[in-house]
Amino acid sequence: MSGHSTYEPKTGFERWLDTRLPILRFANDTIVTFPTPKNLNYWWTFGGVLAMMLGIQIVTGIILAMHYVPHVDYAFNSVQRIMRDVNYGWLVRYMHANGASMFFIAVYIHMFRNLYYGSYKAPREVLWILGCVIYLLMIMTAFFGYVLPWGQMSFHGAVVITNLIGALPVVGPSITTWLWGGFAVDDPTLNRFFSLHYLLPFVIAGVVGLHIWALHVPGNNNPTGVNVTSPQDTVPFHPYYTVKDGFAISLFLIMFAVFVFYLPDSLGEVVNNVPANPLQTPQHIVPEWYLLPFYAILRAVPNKLMGVILMFGSIGTLFVLPWLDTSKVRSMRYRPTARIYFFIFIFSCLVLGVCGAHAPDDLVIPGATAPQFLDANLDSYVWLSRIGALYYFAYFWLITPVLGLTETPLPAPDSISTPVLSHPAAAPAGAVSSPEKRG
Amino acid sequence: MLRKGFAFAAFGLFMLGGPLAPGKALAATTQAEPTVLSWSFEGPFGKFDKEQVQRGYKVYREVCSACHKMDLMYFRNLGQKGGPFYDPKYPNPNQSPVVKSLAHDIQVKDIDSDTGDPISRPAMPADRFPAPFANDVAAAASNGGKAPPDLSLMAKAREGGPNYIYSLLTGFRNPPPGLTIPAGKYYNPYFAGDLSGQWSGHGPPPEGGMIAMPPPLAPGKVTFDDGKPSTVKQEAMDVAAFLAWAAEPKMEERKAFGLGAMIYLLIFSGLLYLSYRRIWKNVAH
């Protein structure tokens, strides 16, 4: 799909530049003439949403860094100063704080779309792995960023997460001390987290560049999962997808604005409005919503090291997914059995999220009497998260490989254009099937 | 094979590991659900009731400020846009005579610029609300071992916000029979705590905890300038509204900005949708 460029320099300057630095040719091939399957649905617009969110986070973050003080004595109050005394500081900060959540909403939809339509399969394995790298970097950036306001949850969250490294045998404690820059989470920790929080978004931007590069070699997958076979299957990216993505981005911005202007604190923890106090541990330490499923997996295992291994394993699994999937059919449109397991997988992720928000000993159904099984009540969230975690891993390591070999997929169309021949615009000129929808 | 290994390893650890899951030793902390009141500042168009916030400031000033600091608040905040004493004639709150006189009533510590000696002088609008104690250690020493918390963000730092503050302030009551509260502590069902150690009655211990703050409000404790009857409920409601404003002083600006942003985005989305329909009109997809 890439390869020969259709760019033709029009002015003398463009010709001059094209033989020296073909940047306009590159831009033209990437966002103007890039042939894109014409059947992409709205689930495909989240790549554009993510690019916008990265831009918003970087711009608002740079402005916040102008006013923020990374010092244990001043960090909390400097954030409040941004909210109270910096012109439109409340806007910038609420955009940044809620923007992180929006970023994760979009990335999860993007990833689930990928799983459903099998976009990670050959020849897009590198594209998928780069996406996993971006996701991992996002988690790290979000964690570092959450520590910066230096509230109670910031501090104790940092303590819990950095202590996980200490579970590693032999080297764990030394690495933890090295990460902290001392013997506890303190000023040096806050300083380096600020530095890394500023650095990583630019690393993300770099990997996004590679991600887009890797996208433009094989081109987009599409809802049918069938390869592009002819020019009739594609439309140029501009104006077709600039306008479609633009519309979807605008709708996403409306949702974002509802949070920023009307529910700015709804996604945060009230405890983080109390300044960090190392001597007083909050009743429940929970991460932000977007990390709750991993927190549930961590706490599902009674052994700390094993919990840490499974938690990182749950993300590591994603990296090898292209080689776990034995099915040759990309899109689950034509894999009815796989589709059922996929929706159970989404449900298990949501269940894990709910488990992560509760204390392990809380009862799922209050008042119900369930027997004690091994170390906990069967009605407790710890058992629910064990079931959820088991399904999470089984989905990738058992169901996906086995199903590809055993299921009978539905027949897929021969080309992208085949299933759309019934569309009104495909009818011959003059035969208007639904006149009310025309011009 | 690897996946089986994983599963077996995990199950083996469940068997061996025993009760190590974090949070296992959590105490049974309970508290009553706060009473939900209706506030003028709720909803996308809600604004602070200026008179109410003014009364609330008086409650804070005459009652709460004896023990609680508000480090994030400056006198100028009272007269800024969205504040309880805002006067459009004085866009700069430092020049507002009302704010100046409110500040002037309060003494703040300073350093004499000629001699360097510590002095006390009347506050100016640019001054921070002074803290009642010299430092947190002094605050803790005078209050049974624990410093009274800063109130600047209190309305955002507890579940329930202003409803919680109202419920806590009006929720003091005599302990039920079977509950022994030590001297210097007060029973309050809305305060998070674990009363099982104090409970000798039948059944589970009552909800709530022991708070070191004595009931701060009493009928007639504050005389409201607008003639509102000074009941405990009124005082509690007004100071909760004041603290809600202090925790989020830019709320009105945020909602007004939001309205414009929403209208803009809705029109923008509509235009983009029409463009989309037009551009894709002749493409079968």
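**Notes on the predicted two-chain model**

1. Let's start with a loop residue. Thr115(B) has 8 C-beta neighbours inside 10 Å, so it counts as exposed; the cut-off for that label is 12 or fewer. Keep in mind throughout that this is a predicted model. As for where Thr115(B) sits, it is in the loop joining strand E1 (107-111) to strand E2 (118-122) of chain B. If you want a sense of distance, take Thr30(B): it is 85 residues from Thr115(B) in sequence, and the two C-alpha atoms are 54 Å apart in space.

2. The strands on either side of that loop belong together. E1(B) and E2(B) make a hairpin with 6 residues between them, and they pair in the antiparallel sense over 5 bridges. To check the register, look at Ile111(B), which stands opposite Pro118(B) in E2(B). In the turn, Gly116(B) has a positive phi of about 80°. Is E2(B) covered or in the open? The number of its 5 residues that are buried is 0, so E2(B) lies largely in the open.

3. Staying with chain B, the domain assignment splits off domain 1 (35-249) from domain 2 (250-279). Measuring over C-alpha atoms is the convention here, and on that basis the two domain centres are 38 Å apart. The contact between them involves 9 residues of domain 1 and 5 residues of domain 2. On the domain 1 side, the touching residues break down as 5 nonpolar, 1 polar and 3 charged.

4. Now chain A, starting with the overall picture. Chain A has 14 helices and 4 strands. Its C-alpha trace spans about 75 × 60 × 50 Å along the principal axes. A compact globule of 439 residues would have a radius of gyration near 22 Å, and the 25 Å of chain A agrees with that. Of those 439 residues, 39% count as buried. Among contacts in chain A with a separation of 6 or more, 74% come from residues 24 or more positions apart.

5. What holds the most contacts inside the largest nonpolar core? That core has 54 residues, and the best-connected ones are Val49(A), Met53(A), Phe103(A), Ala106(A), Val147(A), Leu148(A) and Trp150(A). At least two core residues come from each of several helices of chain A, including H3 (46-67), H5 (89-117), H6 (125-147) and H9 (187-216). H5(A) gives the most, with 12 residues. For a close look, pick Ala106(A): leaving out residues up to four places away in sequence, it touches Phe46(A), Val49(A), Leu50(A) and Met53(A). Apart from this core there is another, of 44 residues, and its members include Val274(A), Tyr164(B), Phe242(B) and Ala244(B). As background, nonpolar side chains in soluble globular proteins tend to be buried together.

6. One more helix is worth a glance. H4(A) is mostly covered, with 7 of its 10 residues buried. Which residues of H4(A) are the buried ones? They are Ala75(A), Phe76(A), Val79(A), Gln80(A), Ile82(A), Met83(A) and Arg84(A). Their packing partners are H3, H5 and H9 of chain A. When you read that list, recall that an α-helix has 3.6 residues a turn, so residues three or four places apart point the same way.

How values were computed. Residues numbered from 1 in each chain as written. Chains lettered and ligands numbered in written order. Predicted model: local features only at pLDDT ≥ 70, side-chain atom pairs only at ≥ 80, totals over all residues. Domains from an automatic or database assignment. Contact = placed C-beta atoms within 7 Å. Nonpolar A, V, L, I, M, F, W, Y, C, P; charged D, E, K, R; others polar. Core = buried A, V, L, I, M, F, W, Y, C linked by C-beta atoms within 7 Å. Buried ≥ 20, exposed ≤ 12 C-beta atoms within 10 Å, placed from the backbone. Rg over C-alpha atoms; globule rule 2.2 N^0.38 Å. Pairing = 2+ DSSP bridges.
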